[in-house]
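Dear colleague,

I am passing on the structure below, together with some notes on what turned up in it. Please keep it open while you read.

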Amino acid sequence: MSSVFFMLTMGLYFVSTVCYLAYLLRRAETLSKVSLGITAVGFATHTVALVARMTDTAQVQLPTFHEALSFFSWMLILVFLAVEFRRQLHVLGSFIVPLALMSLVTAAAFRSDEASSLQPVFKTLWVHVTLSMLGTVGFAVAFVAGVMYLIQDGLLKSKRFNVLYAKLPALDYLDHLNQQSIVMGFPLLTLGIISGAFSAEIVRGTYVNWNPEQTWAMVTWGFYFAVLVGRLTIGWRAKRAAYLTIIGFAGVILTLIGVVLKSHGSVS
Amino acid sequence: MQVIVVGLSHKTAPVEIREKLAVPESRLREALSRLCSYPGVREGLLLSTCNRVEVYAVVEELESGYGRVQEFLADTHLSLSAEHLTPHLYWHAGDRAIGHLFRVASSLDSMIVGESQILGQIKDAFEVALTHKASGLLLNKIVKKAISVAKRVRTETKIAETAVSVSYAAVELAKKIFSNLTEKTVLLIGAGEMAKLAARHLIANGVRQVRITTRNFQHGLELAQRFNGTAVPFEDYKSELAEADIVLVSTGASHYLVTADDVQRAMRQRMSRPMFLIDISVPRNIDPAVRPIDDAFLFDIDDLHMRVEQNREDRLREAAKAEQMVVEEVAVLGQWLQSLEVTPTIVALRSRTEELKRREVDKILARLAHLSSEDRAAVEALASAIVNKMVHGTMVTLKAEAKSSSGAAYVDAARRFFNLEETPAGYPPGQADFSELPDENIAGNGIGRLPEASLVQHTSKEQGRRVR
């Protein structure tokens, strides 16, 4: 049942992505309502798919890369729906829904019912994966806000007052969204890394063994730490913050790729 | 009976003519009563703004009505004669007059398409006409509809969403940089008219901190008082830059007052908080080399003009949608107006009563099969006589009042009492209570019955009983 709903969700997010991208270029406001409706239905089917999967694999008790990405995508849409509900920021959908779709498609590629890329450990692994993914959601939103910031900044600087200009919100709101997302994401990632270290200690007896993916995670963490401190102390905001969060998110993606590609198969 | 409009606007008449015709508010009442005193003018409404003077009237006859209203207009100012006016006037009647009012109310005919003032002016004019009882059933309905059409246009199109003045374009741009203007500080360097206007718009949009600097400090103090801000000595304006989120420059200086270095320094102090610079001066007072500086957004007068021009195009695009709405709404109102004609109403009333009588007579005769053909004819004659007498008064009144000022109201009432067709939009159908009526009376009578209709049926039912 889970896979049926999963595929259904993917289909819905695909249609919604197409609608949201069309919305970027068109004046039609109804398009955003249609897209939002499809996304909401997709979110519902996704929730069903996730719950079904959890109950299916209850006896296995291990998080797979597929589940991590699927959960990431689900959280991302949840955050989007919350922001949309509070601020009616339709254009955010044009950026977040495609991202959620991409993560879902990647998740689909790693879907398997027996062998998993993450080896079984203990329940701490669930905590580690959940927290890390929540942190990643924060960085993803910061990334999206950064991209939107740079686009709007570019449009204002070049004085191209087009449809996109009209739809994107004020620069300082985007900067604020960027900051909020990192402020929320960073502690979650920190906890994620700590819980990962505990898992590693239980499995291997060492907290850290500096494999490439662990190293990347630490580099990413340090980077976001610097971004956060820089913002709060020496004014790394606005355009600079937008660039930094985009680079940071690229680091996150690399870490995730590292998790998948690592040959030794151990966790964190 | 005809609805007409005679008038002139910025499109047809120069300001020299418009200002002569314009009726000040204090004299509106007198003008309206003069208008309504012309023979053949049943209802009147006078719309007088700086861009248009229009008379909406309900007249008995089209040609003479036009003449009367034109006469009225020519009489408003001593130096105007009918010949003078004629080339500037437009005349519309019926649907076209109504469509014209709808377009005016929706600001489709305004100098700046989409501006919102005109709707308020129409409401005021209507208010005056109402209090002086110059408008009646027809104009009331039409003007109310015009107001609702204007609101529909406003909500369903984006005709009024964008800035169409340079000073307002500055506010619109500011809102794309700062989501909330309340916490922002504006620095006004120089006090050109447009800059003052822009500052006023910014204050209206929430800006609380205004700093003003002019070469003449006294003048700066006066302005500061007017804007509820603080005056800054002209020598100090550079040090104020870092504190300002929005910088509005318009002086008569022939060199750059704000250089790239100044802005760079200010941005460092601001720790890259964005800064919005507007240069409304010609020659320019802010060095264009400021443009590439990160997080500083400089717009000059041409940029603002370009924005306004774009918005104007957007508005015209939206106006096309609005025109379509006007056509739809005129059609709806046209149906209602048509229903107010006397002759078709009388015809409809006749066929309605005839139909009711026929049905009841057939029903009773079917039960009284033993009657001779003479008796049957008598029954039928009786039914006809009663029905005819019942509606006779109504028909006579309708005919008699057809030419009076309340003719339309009578027609409207008759149509509703006798349920002559579906009620026109805006009139809720009466609450019918059929609980006391026998089922047979309801069956086969169609939907949308009104109490009036069932009253008629009651009568024929009684009739049948007595005959038996």
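B:Leu248, once its neighbours within four places in sequence are set aside, is in contact with B:Val186, B:Leu188, B:Ile189, B:Ala195, B:Ala198, B:Ala199 and B:Ile278. Please bear in mind throughout that this is a predicted model. B:Leu248 also stands out in the largest nonpolar core, where, of 116 residues, A:Leu76, B:Val247 and B:Leu248 touch the most other members. The largest share of this core comes from α5(A), which gives 16 residues. Apart from it lies another core, of 65 residues, with B:Val23, B:Leu32, B:Ala322 and B:Leu398 among them. As general background, nonpolar side chains in soluble globular proteins tend to be buried together.

The strands come next, beginning with the sheet that includes β8(B). This open sheet has 6 strands with parallel pairing, in the order β7-β6-β5-β8-β9-β10 (chain B), and its edge strands are β7 (230-231) and β10 of chain B, each of which pairs on one side only. Within the sheet, β5 of chain B (residues 185-189) and β8 of chain B (residues 246-249) run parallel and are joined by 4 bridges, with B:Ile189 standing opposite B:Val249 in β8(B). Two helices are worth following here: α8(B) lies across β8, β9 (275-279) and β10 of chain B, running at about 165 degrees to β9(B), while α13(B) packs on the sheet by touching β9 and β10 of chain B, its direction making about 80 degrees with that of β10(B).

Helix α13 of chain B covers residues 301-338, and its 38 residues should span 56 Å at 1.5 Å a residue, which agrees with the 53 Å that separates its end C-alpha atoms. Its buried residues include B:Leu304, B:Arg307, B:Glu318, B:Ala322, B:Val330 and B:Leu337. The buried residues of α13(B) pack against α5 (94-105), α7 (137-156), α8 (166-177) and β10 (296-300) of chain B.

Chain B also holds an open sheet of 4 strands with antiparallel pairing, in the order β2-β3-β1-β4. Because β2 (41-48) and β4 (90-93) of chain B stand at the edges with a single partner strand each, one side of each is left without a neighbour in the sheet. From one strand to the next the twist averages 15 degrees. Strand β1 of chain B (residues 2-9) pairs with β4(B) in the antiparallel sense over 4 bridges, and B:Val6 stands opposite B:Trp91 in β4(B). Helix α3 of chain B (residues 62-75) lies across β1, β2, β3 (52-59) and β4 of chain B, and runs at about 35 degrees to β1(B).

Turning to chain A, you will find 9 helices and 0 strands. Of its 268 residues, 45% count as buried, and among the contacts in chain A between residues at least 6 apart in sequence, 81% join residues at least 24 apart.

Finally, how do the chains meet, and how many residues of each are in contact? There are 15 residues of chain A in contact with 14 residues of chain B. On the side of chain A that touches chain B, the elements that give two or more residues are α5 (123-158), α7 (171-204) and α9 (238-261) of chain A, and the residues of that side divide into 8 nonpolar, 1 polar and 6 charged.

With best wishes

Technical notes:
Residues are numbered from 1 along each chain as its sequence is written. Chains are lettered from A and ligands numbered from 1 in the order in which they are written. This is a predicted model: local features need pLDDT of at least 70, side-chain atom pairs count only at pLDDT 80 or more; totals for chains, interfaces and linings use all residues. Two residues are in contact if their C-beta atoms, placed from the backbone, lie within 7 Å. Ala, Val, Leu, Ile, Met, Phe, Trp, Tyr, Cys and Pro count as nonpolar, Asp, Glu, Lys and Arg as charged, and the others, Gly among them, as polar. The expected span of a helix is 1.5 Å times one less than its number of residues. A residue is buried if 20 or more other C-beta atoms lie within 10 Å of its own, exposed if 12 or fewer, and partly exposed in between; C-beta atoms are placed from the backbone. Two strands pair if DSSP finds at least two bridges between them. Axes are lines fitted to C-alpha atoms, for helices over the stretch in contact, and angles run from 0 to 180 degrees between N-to-C directions. A nonpolar core is a set of buried Ala, Val, Leu, Ile, Met, Phe, Trp, Tyr and Cys residues joined through C-beta atoms within 7 Å.
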